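Reader: I would like to go through the charged residues of this protein with you. Could we begin once the structure is on the screen?

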Amino acid sequence: MLQTTQTIIADIDNELLAALDAKAGLLTLRVILLRYHASGVTAAQVAALLHELRPATQEGPLEDVILDVLDMVTGWCAPQLRVWDGAGEDYAS
């Protein structure tokens, strides 16, 4: 199972890690991101957590999912998948 030393909100962190391990779909993962957002967590905090997980995935299918989730966190995705308002505004399109 994926582990991290960083803790944002333990219950949601555990849910995210379990969903990633279970290879949950992007919409399921987005629901978890929405829980972070509703709890006042910033996109930067979630991005840092996801970046911490990446080395453990070693360029496999799980890393691809983590990168897709990072896209939703940073706003580098379709507008309907964005979680944080204003995310992605610092990126070129």
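Reader: Where does Asp-13 lie?

Author: This is a predicted model. In it, Asp-13 belongs to helix H1, which covers residues 10–21.

Reader: Is Asp-13 buried, and what is the nearest side chain of opposite charge?

Author: Asp-13 is buried, and it has no salt bridge. The nearest side chain of opposite charge is that of Arg-35, 9.4 Å away. A salt bridge requires a side-chain nitrogen of Lys or Arg within 4 Å of a carboxyl oxygen of Asp or Glu.

Reader: Then what is Asp-13 in contact with?

Author: Setting aside neighbours within four places in sequence, Asp-13 is in contact with Gln-6, Thr-7, Ile-8, Tyr-36 and Leu-49.

Reader: How many salt bridges does the structure hold?

Author: The structure holds two salt bridges. One of them joins the side chains of Glu-15 and Arg-35, at 1.9 Å from N to O. Glu-15 sits in helix H1 and Arg-35 in helix H2 (residues 26–38), so this pair ties together parts that lie 20 residues apart in sequence.

Reader: Are Glu-15 and Arg-35 buried or exposed?

Author: Glu-15 is partly exposed, with a relative accessible area of 30%. Arg-35 also counts as partly exposed, at 36% relative accessibility.

Reader: And which residue forms a salt bridge with Arg-54?

Author: Arg-54 forms a salt bridge with Glu-63, and their closest N and O atoms are 2.7 Å apart.

Reader: Buried or exposed, for Arg-54 and Glu-63?

Author: Arg-54 is partly exposed, at 26% relative accessibility. Glu-63, by contrast, is buried, with a relative accessible area of 9%. The cut-off for buried is under 20% relative accessible area, so Glu-63 at 9% falls into that class.

Reader: Where is Glu-63 found, and what does it touch?

Author: Glu-63 is found in helix H4, which runs over residues 61–74. Not counting residues up to four places away in sequence, Glu-63 touches Arg-54, Thr-57 and Gln-58. Its salt-bridge partner, Arg-54, is thus among these contacts.

Reader: A change of topic, to the backbone. What is the phi of Lys-23?

Author: Phi of Lys-23 is near 55°, which is a positive value in a residue other than glycine.

Reader: Where does Lys-23 lie, and is it buried or exposed?

Author: Lys-23 lies in the loop between H1 and H2. At 66% relative accessibility, Lys-23 counts as exposed.

Key: Residues are numbered from 1 along each chain as its sequence is written. This is a predicted model: local features need pLDDT of at least 70, side-chain atom pairs count only at pLDDT 80 or more; totals for chains, interfaces and linings use all residues. Side-chain values use heavy atoms; hydrogens and water are left out. Helices (H or I, at least four residues) and strands (E, at least two) are DSSP runs, numbered from the N terminus. Buried means under 20% relative accessible area, exposed over 50%, partly exposed in between (1.4 Å probe, protein chains only). Lys and Arg count as positive and Asp and Glu as negative; His and the chain ends are not counted. Contact means heavy atoms within 4.5 Å.
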